[in-house]
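Please find below a colleague's note, written for someone who is meeting a structure of this kind early in their studies. It is best read slowly, with the sequence and the model open side by side.

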Amino acid sequence: MLRVLQADKNGIGEKLGIKKGDVLTAVNGQPLVDILDYEYYDSQERFTLTVLRGEEKKDIEVEKEDYESLALTFEDYCYLTPRGCANKCIFCFVDQLPKNQRKTLYVKDDDWRLSFASGTYVTLTNLREGEKERIADKKFSPIYVSVHATDHKVRRFLLGNDKAEPIMPLLGYFAEHGIVMHTQIVVCGGINDGDVLAKSIRDLYSLYPFVKSVAVVPVGLTGHREGLYPLTPITKSQAREILDVCESFDGEVFKKQGEHFVFCSDEMYLRAEAALPSPDFYGDYDQIENGVGLITKIVSEFDAALPLAKKPKSGSFTVLTGVSATPTMNLLCDRLKERFPKLNIEVKTLENNFLGNTVTVAGLLTGRDMARQLKGTKVNGTVLLPRVMMRETQDVFLDGMTLKEFSKAIGCKVEVVDCDGFAFVSAVCKGDFYE
């Protein structure tokens, strides 16, 4: 049941007589379980909505276009609260965080509802009774599944969960019901690479096209693994072997299907010191949240934006980034300076002292750590930060430091730039980039 907080003025819901305090109890005679049910039906053209007002219950016939919404807002409790994780993964990133940080950093969620709503990856090990059928019946698709290995024994070990059910029968059930799935494999050297990885990819492809893609990423390890299972970072030679396994299988798939199926993350290519694929390889960038194709996408957007730049903005610029992205950002800045020789822009590479220097991505740098590294160094003009350093909905770093606090600490104006080639060029140049 969902209690209405507000029906937007002149919205369809208001026109149908729905008011603040009304409780939506069912659609087409089926109980409304949560906000996902509402959103599912809200995208349809016709349905019967059961509304409770006080003790009076009535059915409202809804007829609208599928792109129109009832425009209702609900009480806070109606929205999804993340469901806790039932696993104890040997590579869990939360377990590798330093102690005494803000409590929200240590929340482990593994909720298929959030997977559908926002694209987060889940293991599907904590589905409740009837939820498998609910996903299938209401076509909650796509969902994003952390597989890691299709070998049941290996997967249980990786998840640290002896109660985990075999994953392939569950994925097969969803495939039979038309649910599209994007999957991921976090590779831990010596455990789920080699033959285990090859088997996992073959098994997942057996459910193609409903298993639409597989992202293969190297395990992320911080400097805070005391008491945890002994894992080591993926080496250059291991990364090359993983690329060989993935590219060999994907090449055969592409010959048959005309589209790619297995995607290694940018980090895997960087570790292997191998060239990244072209933009055509990534299609619709379905796995970009996994760091798959992000560099290629930014560079291709930059290539399209640079000819539109008319002149540099006044002042100078400093780009802050992590170790992994430094070569790319140096390349882009060099090309900007070739186009505009008077442009004053430089790249500063920052290591991750907060999590450990094995963590090299910009998105996991923290405000206070960066401020300490920049203390006593010359920073030119406006500082440019990638959006991935911030929380999704706030200008706050991973460690809780606000953007305003960071700007004050380094004594510079700071601008957050979307991870987009057009956004980067437009941050430092004037031009008609979005016409």
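The numbered points below take up helix packing, aromatic rings, buried residues and backbone angles in turn.

1. Please keep in mind throughout that this is a predicted model, and that every value in this note is computed from it.

2. Two packed helices are described by the angle between their axes and the distance between the axes. For helix H10 (residues 294-305) and helix H14 (residues 421-428), the axes come within 7 Å and cross at roughly 50°, and the two helices are therefore oblique to each other. On the H10 side the contact is made by Ile298, Glu301, Phe302, Ala304 and Ala305, while H14 contributes Gly421, Phe422, Phe424 and Val425. Sorted by character, the residues of this contact are 7 nonpolar, 1 polar and 1 charged.

3. Turning to the aromatic rings, a search of the whole structure finds 19 aromatic pairs. In one of them, the ring centres of Tyr121 and Tyr144 are 5.5 Å apart and the planes stand at 75°, so this pair is edge-to-face. The two residues are 23 residues apart, with Tyr121 in the loop between helix H3 (112-118) and helix H4 (131-137) and Tyr144 in strand S7 (residues 143-146), and the pair thereby links distant parts of the chain. Both Tyr121 and Tyr144 are buried.

4. Phe157 and Tyr229 also form an edge-to-face pair, with 5.3 Å from centre to centre and 80° between the planes. Because Phe157 lies in helix H5 (residues 152-159) and Tyr229 in the loop between strand S9 (211-218) and helix H8 (236-257), the pair ties together parts that are 72 residues apart in sequence. Are these two rings buried or partly exposed? Phe157, at 37% relative accessibility, counts as partly exposed, and Tyr229, at 36%, counts as partly exposed as well.

5. Rings can also be followed beyond single pairs: Tyr40, Tyr41, Phe47, Trp112, Phe116 and Phe140 are linked by ring pairs into a cluster. A contact of another kind is found at Tyr173, where the charged end of Lys132 sits over the ring, 4.4 Å from its centre.

6. In helix H12 (residues 367-374), the buried residues are Gly367, Asp369, Met370, Ala371 and Leu374, and what covers them includes strand S12 (316-321), strand S13 (344-349), strand S14 (382-386) and helix H13 (403-410). Thr366 lies in the loop between S13 and H12 and is buried, with a relative accessible area of 0%. If its neighbours within four places in sequence are left aside, Thr366 is in contact with Phe354, Phe397, Leu398 and Asp399. Just after H12, Gly376 takes a positive phi of about 85°.

7. Most residues other than glycine have a negative phi, and most peptide bonds are trans. Against that background, please look at Lys139, which is not a glycine and yet has a positive phi of about 55°; Lys139 is placed in the loop between H4 and S7 and, at 42% relative accessibility, counts as partly exposed. Glu273 has a positive phi near 55°, is found in the loop between helix H9 (266-272) and H10, and is exposed, with a relative accessible area of 58%.

8. Finally, two peptide bonds deserve a check in the viewer. The bond from Ser141 to Pro142 is cis, with omega near 5°, and Pro142 lies in the loop between H4 and S7. The bond from Tyr208 to Pro209 is cis, with omega near 5°, and Pro209 has its place in the loop between helix H7 (194-205) and S9.

Terms used:
Residues are numbered from 1 along each chain as its sequence is written. This is a predicted model: local features need pLDDT of at least 70, side-chain atom pairs count only at pLDDT 80 or more; totals for chains, interfaces and linings use all residues. Side-chain values use heavy atoms; hydrogens and water are left out. Axes are lines fitted to C-alpha atoms, for helices over the stretch in contact, and angles run from 0 to 180 degrees between N-to-C directions. Helices (H or I, at least four residues) and strands (E, at least two) are DSSP runs, numbered from the N terminus. Angles under 35 degrees count as roughly parallel, over 145 as roughly antiparallel, 65 to 115 as roughly perpendicular and the rest as oblique. Contact means heavy atoms within 4.5 Å. Ala, Val, Leu, Ile, Met, Phe, Trp, Tyr, Cys and Pro count as nonpolar, Asp, Glu, Lys and Arg as charged, and the others, Gly among them, as polar. Rings of Phe, Tyr and Trp (its six-membered ring) pair if their centres lie within 6.5 Å; planes under 30 degrees apart count as stacked, over 60 as edge-to-face and the rest as tilted. Buried means under 20% relative accessible area, exposed over 50%, partly exposed in between (1.4 Å probe, protein chains only). A charge sits over a ring if NZ of Lys or CZ of Arg is within 6 Å of the ring centre and within 35 degrees of the ring normal.
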